[in-house]
Every structure is written in structure tokens, then in C-alpha cells.
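Let's take a walk through this structure together, starting with its open spaces and then moving on to how its helices pack.

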Amino acid sequence: MTLRYLPEHAENAFLALELARKEASHLRYTQRTLFALPIDADWVQQLESHPELAEKVEAFVSRFGRLQDQIGERLLPRFAALLGESPKSMLDVLAYAEKMEWVDSAEAFIGARRLRNLLVHEYMTDAQLFLQALLTAREASEMLFAAVVNIESAAASLDLPGMTALGSLKP
Amino acid sequence: MRLTNSQVQAIRHAAQRVLGDGAQVRVFGSMALDQRKGGDIDLFFETGAAFANRAQILCQLSGAITLALGDRKIDIILKDANTPPAPIFDIAKRTGVLL
């Protein structure tokens, strides 16, 4: 049987996927528990006097940022390499990922990086904007989960070794 | 002002696509100064329209402009009808160059 990928890249691709899955599951947990709370502008205003809630927001933002980096800087480039592509820049990687339908929109993926500096609550001067950024990050998390699931399917269809040991990430 | 014509066109196009007609864009900070070199691209978008989710609009602008200008440091601020006043908007308006 002929391999449809470059085997020398298989281990790195697999490791990136394994880590992305872990990070996605941690983000999913924080996303679920954070947004079970009654979040509105008043709630956001009170973050300063509720350190335990501020910490929860920070966990969400930091897990969101880590998964975003893991997908953009490791998962997508390593799967591109696996298929014999070597995109030079992050934008080339995202354009390839969009073509492969691993991400819906390169523009939305890159734009969502802006959320991280909108979500530093110590710098918050506009509670409405912070609230909107939080709600937008909740939606953007779904975009990240979808990218991991899409790569998971790509890995399964390539018969990447080790894939059978992993269950599905889908909630 | 050290943006090229094609960069200015790309920024205006993104503004029009995301914010609709009637939005103004200014470049401010070091990129607004001819004698400097390098630096971030600081952009100030201003519109009389009101958006339900400004964070989402900021992401859309940022994504569109990054794809058009390449992955360099781009900082975007947005003032719509719902945005409370802040000194940064006054500075950007006073020192910025209208594109």
C-alpha cells in the first residue's frame, strides 16, 4: 500500500494533534463552566472585586490563546508538511488550511487573535467591549474545536499511526 | 505618512467592507511620520454607526487587514456611536493622517 503522506513528518503531526486535543478539552471545560454563569455587563464590572471570577476568565483566555497558537503554529503547519506542503508564513499556512477545509476562514482565524488583548481585564476601560470580546471568544472557541476535529478526520483518513488509540473529540 | 498606495487602498477596502459607507480611517503613531522607519501600523477607524458587537467588528477588521498587508504588527482601534470617549481616540484623531 502506498502512503499518502510523508512518513518522516507523521510523528510530529501526531504529537501536535495529541496536544491540541488535550488543550481543546481543557478549553471546552472552562468555556462550559464560565458561560454557565450569568455573564452580562454588571458581571464584567464586578470582576475587579471578585478575584475568583477574574481568575476563571483568565483561565479561559489563556487556554483559548494556547489552543489558537497550537493550531496556527504547530498543528496546521505540521499537517501541511505531512502532505508535502511547506507554506512559508502563517498566512500561507492558513490559506492552505482553508483550501483543505481544515479551517472555515483564514480571515476569521487570524482576526480572532485580536481577542486576546481585548480580554486582559486589568486593562479594561470599556466594560461593554470586554463583554462583547468574551462572547465573541466563546464563539471563536467553536471555530478552534472545529479545526481540531477536521484535522482529526484528516489524520484518520490518512491512517496515521496511533489514531486508533484516540477517541473522538466531538462533544 | 509611510503607507504605500496599495496598502491605503487595502485598508480603505477593508473599512468599506466591514463598516460600510461613511467610516473614516486614520493612520497614527510612528507610521504617520515620514522620517521614522519600521514600526507598527496603528489604525483608527471611526464611524457614526452603532454596532451590537464591536469586538467582533475589530476581529473582522484585523483579519481583513492582516490578510491584505501581511502578518506584521497591526494595532486597530475603533470608535462607533456606542464607544465611550477615551484619550486614545482624541490623540489618534489629532495626530493621525486621514486615509
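A pocket here is an open set of grid points, on a 1 Å grid over the protein atoms alone, with protein on both sides within 12 Å along at least five of seven lines. Its volume is the space filled by probe spheres set on the points. Keep in mind that you're looking at a predicted model.

With that in hand, take the second largest pocket, which holds about 230 Å³ of space. Who lines it? From chain A come residues including Glu107(A), Ala108(A), Gly111(A) and Ala112(A), and also Thr136(A), Glu139(A), Ala140(A) and Met143(A). Chain B joins in with Gln56(B), Cys59(B) and Gln60(B). If you'd rather think in elements, those that give two or more residues to this lining are α5 (106-111) and α7 of chain A, plus α2 of chain B. The largest share, 4 residues, comes from α7(A). By class, the lining of the second largest pocket has 5 nonpolar, 4 polar and 2 charged residues.

Now for the largest pocket, where the space comes to about 590 Å³. Its lining is made of 22 residues, and the ones nearest the centre are Leu118(A), Tyr123(A), Thr125(A), Leu129(A) and Ile77(B). Both chains show up in the list of elements that give two or more residues to this lining: α6 (115-118) and α7 (127-157) of chain A, and α2 (54-69), β3 (74-79) and α3 (87-95) of chain B. Which of them gives the most? That would be β3(B), with 4 residues. The lining of the largest pocket divides into 15 nonpolar, 3 polar and 4 charged residues.

Let's step back and look at chain A as a whole. Chain A has 7 helices and 0 strands, so to speak an α-α-α-α-α-α-α run from the N terminus on. Along the principal axes, the C-alpha atoms of chain A fill a box of roughly 60 × 30 × 20 Å.

How do these helices sit against each other? Two packed helices are described by the angle between their axes and the distance between the axes. Start with α1 (residues 10-34) of chain A and α3(A), which pack at an angle of about 155° with their axes 8 Å apart. Angles over 145 degrees count as roughly antiparallel, and that's why α1(A) is described as roughly antiparallel to α3(A). Their crossing is left-handed. The contact of α1(A) with α3(A) has 18 nonpolar, 6 polar and 6 charged residues.

Stay with α3(A) and look at its packing with α7(A), the helix we met at the pockets. Here the axes come within 10 Å and cross at roughly 35°, and the crossing is left-handed. On the α3(A) side, the contact includes Val57(A), Phe60(A), Phe64(A) and Phe79(A), while among the α7(A) partners are Phe130(A), Leu134(A), Phe145(A) and Ile151(A). Ala140(A) of α7(A) is in this contact too, and you may remember Ala140(A) from the lining of the second largest pocket. By class, the contact of α3(A) with α7(A) has 18 nonpolar, 2 polar and 1 charged residues.

One more neighbour of α3(A) is left to visit. Helix α3 (residues 51-82) of chain A packs with helix α4 (residues 90-99) of chain A at an angle of about 60°, with the axes 10 Å apart. That angle makes α3(A) oblique to α4(A). This crossing is left-handed. Gly72(A), Glu73(A), Leu76(A), Pro77(A) and Ala80(A) of α3(A) meet Met90(A), Val93(A), Leu94(A), Tyr96(A) and Ala97(A) of α4(A). These contact residues divide into 8 nonpolar, 1 polar and 1 charged.

Conventions
Residues numbered from 1 in each chain as written. Chains lettered and ligands numbered in written order. Predicted model: local features only at pLDDT ≥ 70, side-chain atom pairs only at ≥ 80, totals over all residues. Heavy atoms only, no water. Axes fitted to C-alpha atoms, helices over the stretch in contact; angles between N-to-C directions. Parallel < 35°, antiparallel > 145°, perpendicular 65-115°, else oblique. Left-handed = near helix turned anticlockwise from the far one by under 90°. Contact = heavy atoms within 4.5 Å. Nonpolar A, V, L, I, M, F, W, Y, C, P; charged D, E, K, R; others polar. 1 Å grid on protein atoms, 1.4 Å probe; cavity = no way out; pocket = protein on both sides within 12 Å on 5 of 7 lines; lining within 4 Å.
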